Amino acid sequence: MRKGSVAGALLVAMGCSSGGGDPPPGGQAGGPDVSMPEVDAGPDDSGEPACVEYAMPTDVDCAAPLDGVLPVDLRCTGLYGDFDKRELACGVLEYKPAVELWSDGAAKRRFVSIPKGQRVDVSNPDAFVYPEGTQFWKEFRVKGADGALRLGETRLLRKMAAGWVYTSYVWSEDERQAIQMQNDFGVPDLYGTGHMVPTRDQCKECHVGRADFVLGWDALMLGPGAEGVTRESLVALGVIEDASPLALTIPGDEVERQALGYLHANCGVSCHNDLPESAAHDTGLYLRLEASELGSVAATDAVRTGMNKRPAENAKYEGLKNPDPANWYDIRPGDPARSLLVARQELRGFEGQMPRIGTRQVDDTGLQLVTRWIQGMTEPNYPPPGP
């Protein structure tokens with residue numbers, strides 16, 4: 001039996017989510033209809049059903065908590081057609097982005113459904129717009145003390161008429177149930193695995209840096225290296241009308257492309273961009289790859305806003321080996337040792353660490369990508385290092 005539909009839905013990467021969804025403005029907590037939007041599903045070649053049809057369970061409580069609008073139990077969200085077998089419901093597909101957000105080595109799966117007959121507006125490749133009823137899930141498997149991976153949490157975003165609502169479902173230790181987290185402090189150490197389930201405010205801090213809230217799905221993350229649904233398949237899936245706005249390429253050689261792509265996915269789409277609501281807007285260091293600035297490496301935000309630039313006045317230096325602001329540039333060509341971008345990637349346990357939330361472990365692979373890029377910044381392609 002196949003899992004997922006062939007049209008009208010796809011699976012997407014989602015950034016961090018929260019425990020306990022926010023009611024949309026004007027909505028009544030606990031009152032909105034939590035039924036699933038209709039999605040396409042067709043037969044496979046044998047004539048058998050192509051997926052497992054979702055049916056609202058009758059043996060669990062599908063109500064929303066008093067302070068939210070999403071159901072308490074993951075079973076009620078439409079992700080699985082057969083929860084016990086973990087078989088996806090019709091209209092839900094799986095996808096892996098070309099570049100993944102660092103989550104301390106957790107194993108992740110990502111899912112999305114788009115309502116039947118609806119399409120994602122990609123006319124502005126920097127700011128996709130999703131139809132009402134769109135849902136994204138992101139599943140985390142975390143490593144316990146015995147080294148084995150186990151289900152930890154599943155995050156959900158749902159777009160409603162008044163905006164996005166979101167929550168995180170924490171799996172029971174026997175992995176037979178996932179219940180919405182309902183507190184204001186998250187879970188700092190889930191089942192002793194070191195995994196942090198973020199709070200609602202932490203989720204919002206990241207997601208408001210995107211025009212329509214979704215972080216992990218764009219032309220570049222659906223491009224070369226993506227698995228499952230890709231930007232080339234979106235038209236055939238019925239999700240978009242025209243793929244031409246998505247024909248984007250990260251500029252530069254292999255080292256530059258890898259570093260710029262990593263910074264885009266892990267830093268730029270959420271915080272380090274020019275959207276006024278983004279958490280790092282006031283730093284002036286922008287790392288998102290904008291569609292209009294992909295003609296050359298020199299035209300990218302990372303180079304234009306970071307090269308030989310002194311950090312903003314609000315930069316954090318606590319925990320660094322050299323806390324003197326005069327020592328640092330955001331990016332100093334050829335010198336990762338004096339590039340604050342690298343130092344903050346290496347930092348953990350202090351406010352200045354990057355990513356700022358959701359991680360206790362350094363991403364060694366990402367650190368090497370950025371370090372190698374800065375080490376290779378030599379003339380004439382890059383300016384000489386600042387004094």
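A cavity here is a set of grid points where a 1.4 Å probe fits but cannot get out, and a residue lines the cavity if an atom of that residue is within 4 Å of a point. Keep that in mind for the opening stop, and keep in mind too that this is a predicted model.

**Stop 1: the empty space**

Select P125, D126, R210, D218, A219, L220, L248, H264, R288 and L289, and you have the lining of the largest cavity. The space enclosed there comes to about 70 Å³. Searching the whole structure turns up 2 cavities of 30 Å³ or more.

Now for a pocket. Which residues should you pick to get to the middle of the second largest pocket? Go for A98, V99, P224, I250 and R257, which lie nearest its centre among the 21 residues of the lining. The volume of this second largest pocket is about 400 Å³. Colour helix α2, residues 254-268, while you are there: with 7 residues, α2 gives the most to that pocket's lining.

**Stop 2: the sheet**

Switch to cartoon view and bring up the strands. There are 7 of them in an open sheet, and reading across you should get β8-β7-β6-β5-β4-β3-β9, with antiparallel pairing. The edges are β8 (178-180) and β9, each of which pairs on one side only.

Start with strands β5 and β6. Select residues 135-143 for β5 and 149-160 for β6; the two run antiparallel and are joined by 9 bridges. For a landmark on this pair, show K138, which sits opposite R155 of β6.

Then move along to β3. One partner of β3 is β4 (residues 107-113), paired in the antiparallel sense over 3 bridges. Pick E94 and look across to β4: the residue opposite is F111. The other strand to check is β9 (residues 227-228), antiparallel to β3 and joined to it by 2 bridges. Here K96 has E227 of β9 as its bridge partner.

Before leaving β3, turn on its side chains. Which of them are buried? L93 and Y95 are, and they point to one face, while E94 and K96 point to the other and are not buried. That is the usual habit: side chains in a regular strand alternate between the two faces of the sheet.

**Stop 3: the cysteines**

Next, show every cysteine as sticks. How many disulfides does the structure hold? You should find 2. Counting the bonded cysteines along the chain, the pattern is 1-4, 2-3.

Zoom in on C51 and C90, which are joined with an S to S distance of 1.9 Å. This pair links distant parts of the chain, 39 residues apart: C51 is in the segment before β1 (80-82), and C90 is in the loop between β2 (87-88) and β3 (93-96). Why is this disulfide right-handed? Because the torsion about the S-S bond is about 110°. Buried means under 20% relative accessible area. C51 is at 3%, so it counts as buried, and C90, at 7%, does as well.

Now slide over to C62 and C76, where the S to S distance is 2.0 Å. These two are 14 residues apart, and both are in the segment before β1. The torsion about this S-S bond is -75°, making the link left-handed. Both C62 and C76 are buried.

Two cysteines outside the disulfides are worth a click. C267 is in no disulfide, and the nearest cysteine sulfur, that of C271, is 8.4 Å away. C267 has 15% relative accessibility, so it is buried. C271 is in no disulfide either; its nearest cysteine sulfur belongs to C206, 4.9 Å away. C271 is also buried, with a relative accessible area of 14%.

**Stop 4: S339**

For the last stop, centre on S339, in the loop between α3 (301-306) and α4 (340-346). Is S339 buried or exposed? It is buried, with a relative accessibility of 0%. Display polar contacts and follow the side chain of S339 to the backbone oxygen of D335, at 2.9 Å. Then select the surroundings: setting aside neighbours within four places in sequence, S339 is in contact with W328, Y329, D330, I331, R332 and I374.

Methods: Residues numbered from 1 in each chain as written. Predicted model: local features only at pLDDT ≥ 70, side-chain atom pairs only at ≥ 80, totals over all residues. Heavy atoms only, no water. Disulfide = S-S within 2.5 Å. Helix = DSSP H or I, 4+ residues; strand = E, 2+ residues; numbered from the N terminus. Buried < 20%, exposed > 50% of the residue type's maximum accessible area, 1.4 Å probe, protein only. Pairing = 2+ DSSP bridges. Polar contact = N/O pair within 3.5 Å; in protein donor to acceptor, adjacent residues only side chain to side chain. Contact = heavy atoms within 4.5 Å. 1 Å grid on protein atoms, 1.4 Å probe; cavity = no way out; pocket = protein on both sides within 12 Å on 5 of 7 lines; lining within 4 Å. Points joined across faces, edges and corners; volume = space filled by probe spheres on them.
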